[in-house]
Amino acid sequence: MAVFPLIVTPGASLALLVQHVIDGGRRQALPVILGTVTGLYIHAALAIAGLSALVMHCSLAFTAVKLIGAVYLIGLGTWTWRSAALNAAPVPYRQRRPKGADSVYAQALLANVLNPKAAAI
């Protein structure tokens with residue numbers, strides 16, 4: 001019951017998924033899902049190696065991970081805000097050019113790997 005609120009709270013991965021599906025349609029969902037799953041596998045590998053427990057118990061390392069994640073999310077939000085301001089004119093759905101799958105995958109991977117919530121669970 002203690003981790004239930006963490007599990008049901010939507011995080012960066014869900015926000016990224018919703019953003020890319022709205023911008024590029026269902027085709028953009030697969031790279032986000034694959035990036036998120038890869039990030040979860042990285043967290044599992046770190047937990048098996050004992051590094052995840054070390055980060056969780058060392059306040060300096062945990063704070064560093066939180067700050068790096070926060071800077072990444074702030075940068076991602078700023079980039080999204082600026083690109084939305086540049087593209088203020090409404091563009092029909094069919095004319096939107098979806099992002100490449102590799103950049104969407106990398107965004108999802110970074111959002112998950114730098115998320116201390118994923119390491120805590």
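**Chatting through a seven-helix model**

Q: What's the relative accessible area of Leu46?
A: Leu46 has a relative accessible area of 34%, so it counts as partly exposed. For the cut-offs, buried means under 20% relative accessible area, exposed means over 50%, and partly exposed is in between, using a 1.4 Å probe and protein chains only.

Q: Before I go on, what kind of model is this?
A: It's a predicted model, where local features need pLDDT of at least 70, side-chain atom pairs count only at pLDDT 80 or more, and totals for chains, interfaces and linings use all residues. Residues are numbered from 1 along each chain as its sequence is written, and side-chain values use heavy atoms, with hydrogens and water left out.

Q: OK, and what's the mean pLDDT of the chain?
A: The mean is 77, and 79% of the residues reach 70 or more. pLDDT is the predictor's confidence in each residue, on a scale from 0 to 100.

Q: Where in the chain is confidence lowest, and where is it highest?
A: Helix H7 (residues 116-120) is lowest, at a mean of 67, while H3 is highest, at 88.

Q: How many helices and strands does the chain have?
A: There are 7 helices and 0 strands, so from the N terminus on the elements run α-α-α-α-α-α-α, where helices (H or I, at least four residues) and strands (E, at least two) are DSSP runs numbered from the N terminus.

Q: Back to Leu46: which helix does Leu46 lie in?
A: Leu46 lies in helix H3. Together with Ile42, Leu51 and Leu54, Leu46 makes a nonpolar surface patch of about 330 Å².

Q: Which helices supply at least two residues of the nonpolar patch?
A: Helix H3 (29-49) and helix H4 (51-57) each do.

Q: What counts as a patch?
A: Patches are made of residues with over 30% relative accessible area and no salt bridge; like charges are joined within 9 Å, and nonpolar side chains (Val, Leu, Ile, Met, Phe, Trp, Tyr) within 5 Å. A salt bridge is a side-chain nitrogen of Lys or Arg within 4 Å of a carboxyl oxygen of Asp or Glu. The areas come from the Shrake-Rupley method with a 1.4 Å probe, and for residues only the protein chains shown count as cover.

Q: Switching to the inside: which residues make up the largest nonpolar core?
A: That core has 9 residues in all: Ala12, Leu16, Val32, Tyr72, Leu76, Val104, Ala108, Ala111 and Leu114. Helix H2 (12-24), helix H5 (59-86) and H6 each supply at least two of them, and H6 gives the most, with 3 residues. A nonpolar core is a set of buried Ala, Val, Leu, Ile, Met, Phe, Trp, Tyr and Cys residues joined through side-chain atoms within 4.5 Å.

Q: And what share of the chain do buried residues make up?
A: Buried residues make up 23% of the 121 residues.

Q: Is Asn112 buried or exposed?
A: Asn112 is at 4% relative accessibility, so it counts as buried. Asn112 sits in helix H6 (residues 101-113).

Q: What does the side chain of Asn112 reach?
A: It gets to the backbone nitrogen of Leu40, at 3.3 Å. A polar contact is a pair of N or O atoms within 3.5 Å; within protein, one must be able to donate a hydrogen and the other to accept it, and residues adjacent in sequence count only if both atoms are side-chain atoms.

Q: What separates the C-alpha atoms of Gly39 and Asn112?
A: They are 5.2 Å apart, with their positions 73 residues apart along the chain. Gly39 lies in helix H3 and counts as buried because its relative accessibility is 0%.

Q: How about Met56 and Pro116, C-alpha to C-alpha: what's the distance in space?
A: That pair is 8.8 Å apart in space and 60 residues apart in sequence. Met56 lies in helix H4 and, at 31% relative accessibility, counts as partly exposed.
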